[in-house]
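Student: I have a model open and would like to go through its empty spaces, its rings and its backbone. Can we take those one at a time?

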Amino acid sequence: MDNKTFIEELSRRLDLSRETVGTLIENFSETLGKRASEMEGLAVPNFGVFEPRMRQERIALHPASGKRLLVPPRISLSFKCSPALKLKINNGK
């Protein structure tokens with residue numbers, strides 16, 4: 001499902017305008033990004049938990065030249081599904 005279809009589906013289900021739903025999604029994304037950059041998780045009830053994790057710096061090989069590169073540390077975001085969402089997914093509802 002692409003972003004446009006997702007916004008239209010939520011708009012229909014919530015009986016809100018597409019602009020309002022787009023703004024809600026944008027604000028959620030900004031909040032999640034801000035919390036992750038501060039190394040704080042974000043729990044969404046009946047959906048799951050977004051947790052930031054710090055990946056350590058490492059040495060990688062460039063595939064074309066074979067040179068060694070230092071990859072700096074970075075924050076990655078992981079998601080753990082809630083039991084309620086797992087149940088909905090497994091039951092197909």
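**Cavities, pocket, rings and backbone**

Tutor: Let us begin with enclosed space: this is a predicted model, and the count comes to 1 cavity of 30 Å³ or more.

Student: What volume does the largest cavity have, and which residues line it?

Tutor: The volume of the largest cavity is about 30 Å³, and its lining is made up of Arg55, Gln56, Arg58, Val71, Pro72 and Arg74. By class, that lining divides into 2 nonpolar, 1 polar and 3 charged residues.

Student: OK, and the open space: what is the volume of the largest pocket?

Tutor: The largest pocket comes out at about 600 Å³. It is lined by 15 residues, of which Phe6, Leu10, Leu14, Val44 and Phe47 are the closest to its centre.

Student: Which helices supply at least two residues each to that lining?

Tutor: Helix H1 (3-14), helix H2 (18-37) and helix H3 (83-91) each do so, and H1 gives the most, with 5 residues.

Student: How do the lining residues of the largest pocket divide into nonpolar, polar and charged?

Tutor: For the largest pocket the split is 11 nonpolar, 1 polar and 3 charged.

Student: Staying with H1 for a moment, what span should its 12 residues have, and how far apart are its ends?

Tutor: At 1.5 Å a residue, the 12 residues of H1 should span 16 Å, and because the end C-alpha atoms are 16 Å apart, the expected and modelled values agree.

Student: What happens to phi just after H1?

Tutor: Just after H1, aspartate 15 takes a positive phi of about 55 degrees, although aspartate 15 is not a glycine. That deserves a remark, because most residues other than glycine have a negative phi. Aspartate 15 lies in the loop between H1 and H2, and with a relative accessible area of 69% it counts as exposed, since the cut-off for that class is over 50%.

Student: And asparagine 46, what is its phi and where does it lie?

Tutor: Asparagine 46 has a phi near 60 degrees, again a positive value in a residue other than glycine, and it lies in the loop between strand S1 (42-44) and S2. Its relative accessible area is 57%, so asparagine 46 is exposed.

Student: Switching to rings, how many aromatic pairs are there?

Tutor: The count comes to 4 aromatic pairs. One of them joins phenylalanine 28 and phenylalanine 50 in an edge-to-face arrangement, with 6.0 Å centre to centre and 65 degrees between the planes.

Student: Where do phenylalanine 28 and phenylalanine 50 lie?

Tutor: Phenylalanine 28 is in helix H2 and phenylalanine 50 is in strand S2 (residues 48-55), so their pair ties together parts that are 22 residues apart in sequence.

Student: Is phenylalanine 50 buried or exposed?

Tutor: Phenylalanine 50 is buried, because its relative accessible area of 14% falls under the 20% cut-off, whereas phenylalanine 28, at 36% relative accessibility, counts as partly exposed.

Student: What other pair does phenylalanine 50 form with phenylalanine 79, tilted or edge-to-face?

Tutor: The pair of phenylalanine 50 and phenylalanine 79 is tilted, with 4.8 Å centre to centre and 45 degrees between the planes. Since phenylalanine 50 lies in strand S2 and phenylalanine 79 in strand S5 (residues 74-81), this pair ties together parts that are 29 residues apart in sequence. Phenylalanine 79 counts as partly exposed, at 39% relative accessibility.

Student: Which residues do the ring pairs link into a cluster?

Tutor: Phe28, Phe47, Phe50 and Phe79 are linked into a cluster by ring pairs, and Phe47 is also among the residues closest to the centre of the largest pocket.

Student: Last topic, the strands: in which sense do S3 and S4 pair?

Tutor: Strand S3 (residues 58-61) and strand S4 (residues 68-71) pair in the antiparallel sense over 4 bridges, and isoleucine 59 has leucine 70 in S4 as its bridge partner. The two strands form a hairpin with 6 residues between them, and glycine 66 in the turn has a positive phi of about 80 degrees.

Terms used:
Residues are numbered from 1 along each chain as its sequence is written. This is a predicted model: local features need pLDDT of at least 70, side-chain atom pairs count only at pLDDT 80 or more; totals for chains, interfaces and linings use all residues. Side-chain values use heavy atoms; hydrogens and water are left out. On a 1 Å grid over the protein atoms alone, a cavity is a set of points where a 1.4 Å probe fits but cannot get out, and a pocket is an open set with protein on both sides within 12 Å along at least five of seven lines; lining residues have an atom within 4 Å of a point. Grid points are joined across faces, edges and corners, and a volume is the space filled by probe spheres set on the points. Ala, Val, Leu, Ile, Met, Phe, Trp, Tyr, Cys and Pro count as nonpolar, Asp, Glu, Lys and Arg as charged, and the others, Gly among them, as polar. Two strands pair if DSSP finds at least two bridges between them. The expected span of a helix is 1.5 Å times one less than its number of residues. Rings of Phe, Tyr and Trp (its six-membered ring) pair if their centres lie within 6.5 Å; planes under 30 degrees apart count as stacked, over 60 as edge-to-face and the rest as tilted. Buried means under 20% relative accessible area, exposed over 50%, partly exposed in between (1.4 Å probe, protein chains only).
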